[in-house]
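Welcome, and thanks for stopping by. Please take a look at the structure below before we talk it through.

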Amino acid sequence: MKVLLPVDGSKSSLNAAKYVAKMAKNSRSSVTVTLVSVHDDIGLGHVKQFVAKNVVDDYLREVSEKELKPAQKVLDAAGVKHNMAIKRGQISSEIITLANKDKVDMIVMGVKGRSGILDVLVGSVAQRVSSSAKQPVLLVK
């Protein structure tokens, strides 16, 4: 079974990693996980005018690696095979594109409470992924 596990450094994404580790332990078939961190860099548009592209790239990579580390530790401790991906772009679209490209069987992701007016207007990433993905999406609190 191939599982896509988007993480953002939140408590709920760490809980999703713990859920996947437990699921893998109880599974009769092998489970391979792709951890993914996606950053929407649209907000950095004006910064890019003053800061070199490679500096922005390095910053986003460092933030992604920091977000991936706790979930990676959980999967390592459980002996779950995994790889990692770092993406940039519209978050829900990048998650769905990767899920389709890698032909994953399931997406497991943390769900957070709504925060801010933007989520009220456009919905959370978890809502957009679960409503658009071809694969089953399991949301973990």
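What follows is a short chat about salt bridges, a helix and a loop.

Guide: This is a predicted model, where local features need pLDDT of at least 70, side-chain atom pairs count only at pLDDT 80 or more, and totals for chains, interfaces and linings use all residues. Residues are numbered from 1 along each chain as its sequence is written, and side-chain values use heavy atoms, with hydrogens and water left out.

Visitor: How far apart are the closest N and O atoms of Arg 88 and Asp 57?

Guide: Happy to help! The two form a salt bridge, meaning a side-chain nitrogen of Lys or Arg within 4 Å of a carboxyl oxygen of Asp or Glu. Arg 88 lies in strand E3 and Asp 57 in helix H2, so the pair ties together parts 31 residues apart in sequence (helices, H or I with at least four residues, and strands, E with at least two, are DSSP runs numbered from the N terminus). Their closest N and O atoms are separated by 2.2 Å.

Visitor: Is Lys 103 buried or exposed?

Guide: Lys 103 sits in the loop between helix H3 and strand E4, and has a positive phi of about 55 degrees although it is not a glycine. Buried means under 20% relative accessible area, exposed over 50%, and partly exposed in between, with a 1.4 Å probe and protein chains only. At 65% relative accessibility, Lys 103 is exposed.

Visitor: Within what arc do the buried residues of H3 fall?

Guide: Those buried residues are Ser 92, Ile 95, Ile 96, Leu 98 and Ala 99. They line one face of the helix, because seen down the axis of H3 (using directions from the helix axis to the C-beta atoms) they fall within an arc of 165 degrees.
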